[in-house]
Amino acid sequence: MNGVNLSMSDKAETNSPILQVRDLKMHFPVKEGIFLRTGKYNKAVDGVSFDIQPGETMGLVGESGCGKSTLGRCITRLYKPTAGSIVFEDKDITNISGRELKPYRQDIQMIFQDPMESLNSRHTVGDILMEPFIVQNIGDKQYRQKRVKELLEIVGLPSRSITRYPFEFSGGQRQRIGIARSIALNPKLIVCDEPVSALDVSIQSQILNLLIELQREFNLSYLFIAHDLAVVKHISDRIAIMYLGKVVESSDGESVYREAKHPYTQSLISAIPVPDPHRKADRQILVGDVPSPINPPDGCTFHTRCPKAMDSCSNKSPQLVSLPEKTQHKVSCHLYE
Amino acid sequence: MSDALLSVDNLITEFETDEGRVRAVDDISFSVQPGETLGIVGESGCGKSVTALSIMRLLPQPMGQIVGGEIKLNGEDLTKLKLSQMEKIRGNKIGMVFQEPMTALNPVHTVGRQLAEVLYLHKDISKDQALRECLEMLDKVGIPSPDVRMGEYPHQLSGGMRQRVVIAMALACQPSLLIADEPTTALDVTIQAQILELIKELQNDMGMAVMLITHDLGVIAETSNSVVVMYAGKVAEQGNVYEIFDNPSHPYTRGLLDSIPKLETVPKSELSTIEGMVPGLLDLPVGCRFENRCPRRKESCKAAPPPIEVIAGSHQVSCYEWSKSVNE
């Protein structure tokens with residue numbers, strides 16, 4: 001397994017990454033008082049860096065409020081980041097806007113969690129899938145109709161779906177419509193924000209299979225955001241674990257699971273219920289809740305819940321550094337410095 | 001079987017809808033022994049929540065009706081009770097925890113007031129005593145500085161804390177049965193682990209039985225003694241937790257277990273799936289309800305619903321082909 005991973009990363013190093021994110025920050029102003037003055041900032045994403053290679057899936061895991069969705073929205077440039085840079089195929093897209101951004105809307109697409117809310121309920125499936133072509137002014141009516149039929153076939157929906165409305169479909173089928181829309185313009189990178197969280201288990205596996213199949217066929221890169229580590233590990237080449245706006249650990253999926261270093265990753269893994277009654281886990285349960293990102297703890301943001309916290313943890317924040325024995329495995333914890 | 005705390009026999013619950021009558025729960029039977037945890041698992045629309053609401057007699061009125069069967073709590077048939085008698089059971093003998101703690105709590109009352117209400121309703125106690133018991137209860141469910149929290153409103157608490165308050169309310173009168181309907185679905189994994197552990201601790205402490213409803217087979221494996229697998233309003237399979245997980249005999253149970261990505265599976269390998277979709281309750285098939293998705297369906301499965309057969313001990317399955325499923 002290790003050999004395979006090494007050769008994969010060797011190959012990746014020769015290619016240039018499709019996406020480079022450096023020290024990205026997204027701070028939302030918090031308005032307070034009767035004059036709505038900005039006193040504090042919600043540091044949803046606070047200094048995140050990573051690369052995504054062509055055809056690779058980067059998994060992003062964390063609990064609610066850790067900033068994983070905000071990060072996804074910064075990359076699709078639905079938000080304008082406060083600081084840092086996003087480089088897509090050698091072009092800095094951090095601060096561009098309007099017309100300049102339009103070509104990137106083709107290349108970077110998004111799949112949302114709730115397919116009922118992300119599909120316009122007054123439009124037919126045909127209208128929904130036609131819209132990307134209209135916006136980007138691609139092809140004539142005939143071409144667009146042909147493409148829509150192709151798209152439906154790719155995601156496994158009958159072609160008669162064109163004249164139907166989203167409410168006539170089940171959750172899994174609606175997510176297929178959302179996926180069809182996201183691949184309509186042959187994108188290079190798709191940000192999948194909790195695409196299977198709202199679905200039942202038997203449907204979830206169908207959608208995961210479809211996403212993996214599409215990636216192979218069209219050489220897509222994914223940023224796959226989810227809270228379920230088992231799902232993320234299944235689909236991802238590399239995984240980053242986020243806590244309060246920062247990446248605390250990142251590596252290939254196998255090492256994150258088998259050689260987890262950060263105490264947060266360890267407790268996250270131990271908290272997952274295993275569908276095997278013989279393994280009633282002797283688990284490490286974290287105390288307390290995630291602190292507010294408006295007023296994060298000093299030092300290491302995890303020290304308030306960390307079972308291994310030391311004195312230095314509360315006043316010095318750790319840096320994300322590579323492990324000496326394995327450079328792709330990075331961890332941000334004083335225990336490994 | 002006679003010493004069961006709760007026994008549900010041939011329960012049928014129907015809803016009157018604009019499109020016609022639908023049978024959300026169709027002839028299901030199971031029992032809960034004192035002190036044990038029974039897990040009910042199934043996908044959305046399988047009738048697991050309706051089962052819980054039927055037991056609590058909290059079906060939306062007038063659409064939802066129990067049209068057949070018995071629900072016996074310590075031998076007393078709950079379906080025959082008047083509403084006023086039922087009010088003495090709810091919160092007192094059976095406590096309930098819902099999925100979304102924000103909607104289960106009243107946003108305009110303080111935590112303390114809501115908790116005390118349960119005690120006033122079921123016990124003849126003074127204000128001071130109620131206050132003391134509330135503090136004790138909040139402390140028991142692991143809420144830090146309970147005296148401060150008593151005066152706070154639900155929106156001031158985090159999701160996990162709110163669910164702890166709901167659990168405190170459900171257990172305030174020390175019921176013999178706690179029904180928890182997806183109690184951790186809205187919570188993060190680390191908080192889920194906390195809440196499941198809390199329920200387990202309280203169960204050991206107070207000796208109540210728990211009926212846990214969830215879609216997560218992992219949660220079932222970790223918490224339950226017995227399991228009921230439901231599909232489209234019927235029981236597909238039931239038995240103790242080892243029988244179900246070691247020897248899943250209904251193709252649906254097997255399909256569910258196979259389709260979960262596990263941490264051990266090879267990344268990007270194809271997951272097995274259950275093809276197709278759950279049939280709509282308005283046009284249920286005459287025969288086996290899983291027939292349209294079943295990998296081992298036969299022509300004969302379409303004719304009549306399969307009977308419930310005993311495999312061994314408490315392990316029962318409703319499938320014509322179960323023996324083939326086992327041998328594979």
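**Where chains A and B meet**

Between chain A and chain B, about 4000 Å² of area is buried, with carbon and sulfur atoms giving 56% of that area; buried area here is the accessible area (1.4 Å probe) that two parts lose on being put together, summed over both. This is a predicted model, in which local features need pLDDT of at least 70 and side-chain atom pairs count only at pLDDT 80 or more, while totals for chains, interfaces and linings use all residues. Residues are numbered from 1 along each chain as its sequence is written, chains are lettered from A and ligands numbered from 1 in the order in which they are written, and side-chain values use heavy atoms, with hydrogens and water left out.

Let's walk along the interface. Contact (heavy atoms within 4.5 Å) links 49 residues of chain A with 46 residues of chain B. The rule finds 1 salt bridge across this interface, taking a salt bridge as a side-chain nitrogen of Lys or Arg within 4 Å of a carboxyl oxygen of Asp or Glu. Asp237(A) and Lys268(B) meet in a salt bridge through their side chains, at 3.1 Å from N to O.

Now for a look at one residue of chain A. Lys261(A) sits in the loop between helix H10 (253-258) and helix H11 (263-271) of chain A, where helices are DSSP runs (H or I, at least four residues) numbered from the N terminus. Lys261(A) is buried, at a relative accessible area of 19%; buried means under 20% (1.4 Å probe, protein chains only). Leaving out residues up to four places away in sequence, Lys261(A) touches several residues, including Glu249(A), Glu325(A) and Tyr336(A).

How values were computed: Helices (H or I, at least four residues) and strands (E, at least two) are DSSP runs, numbered from the N terminus. Buried means under 20% relative accessible area, exposed over 50%, partly exposed in between (1.4 Å probe, protein chains only).
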